[in-house]
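Here is a brief report on one protein model. It covers side-chain contacts, the nonpolar core and the sheet.

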Amino acid sequence: MAETLENGLIIENGIVINGKACEGEITVPDGVTAIADKAFYNNRKLTGLVLPQGLLRIGKYAVSGCRNLAYVQVPDSVAELGESALMKKFESDVGFTHVMENIEHYPLIRLKAGCYVDEALKALKATDGFANGHGVRHIIEFEYV
């Protein structure tokens, strides 16, 4: 049975399944082990997100479209990220030379240095560049806490 919290989070069986009604800075409660795919999708009122220790998975496109999301604090317990799990905005453009450039913008990621998410996002940034006529850039800033 799903439970709706006062802050707008909808949680079912320890999984945030919907946070589209949340506003401002949100702290996900202890005991949550996963964030569902697109849980906060297109929430333009979300400005900050603190995830609890014990969280194991962040689903794909969890914060996609959350253009005003300034930061996400990620615990070192996270061991799985879905595709573009922490990307807040995507831009695609065909330039003058007809080269496609794709840019993924991320909120500030607050985390412990060397944790799974740190290494995964650094590896993602290392892929930036041009391949097969497509430029890809991942705009990601880290703050180590």
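Phe40 has a long list of contacts beyond four places in sequence: Leu9, Val16, Gly19, Lys20, Cys22, Ile35, Leu46, Leu49, Ala62, Val63, Ser64 and Cys66. The model is predicted. Phe40 also belongs to the largest nonpolar core, which holds 33 residues. Together with Ile35, Ile58 and Val74, Phe40 touches the most other members of that core. Strand 6, strand 12 and helix 1 each give two or more residues to this core.

Strand 6 also sits in an open sheet of 5 strands, ordered 4-6-8-12-15 with parallel pairing. Strand 4 and strand 15 stand at the edges; each has a single partner strand, so one side of each lacks a neighbour in the sheet. On average, neighbouring strands are turned by 20 degrees against each other, direction ignored. Strand 6 pairs with strand 8 in the parallel sense over 3 bridges. Leu49 has Val72 of strand 8 as its bridge partner.

Helix 1 lies across strand 12 and strand 15. Helix 1 runs at about 155 degrees to strand 15.

| Element | Residues |
|---|---|
| Strand 4 | residues 24–27 |
| Strand 6 | residues 46–50 |
| Strand 8 | residues 71–73 |
| Strand 12 | residues 108–111 |
| Strand 15 | residues 142–144 |

Now to His138. His138 is placed in strand 14, residues 134–139. Is His138 buried or exposed? Its relative accessible area is 4%, under the 20% cut-off, so His138 counts as buried. Leaving aside neighbours within four places in sequence, His138 contacts Glu104, Tyr106, Leu124, Lys125, Thr127 and Asp128.

Key: Residues are numbered from 1 along each chain as its sequence is written. This is a predicted model: local features need pLDDT of at least 70, side-chain atom pairs count only at pLDDT 80 or more; totals for chains, interfaces and linings use all residues. Side-chain values use heavy atoms; hydrogens and water are left out. Two strands pair if DSSP finds at least two bridges between them. Helices (H or I, at least four residues) and strands (E, at least two) are DSSP runs, numbered from the N terminus. Axes are lines fitted to C-alpha atoms, for helices over the stretch in contact, and angles run from 0 to 180 degrees between N-to-C directions. Contact means heavy atoms within 4.5 Å. A nonpolar core is a set of buried Ala, Val, Leu, Ile, Met, Phe, Trp, Tyr and Cys residues joined through side-chain atoms within 4.5 Å. Buried means under 20% relative accessible area, exposed over 50%, partly exposed in between (1.4 Å probe, protein chains only).
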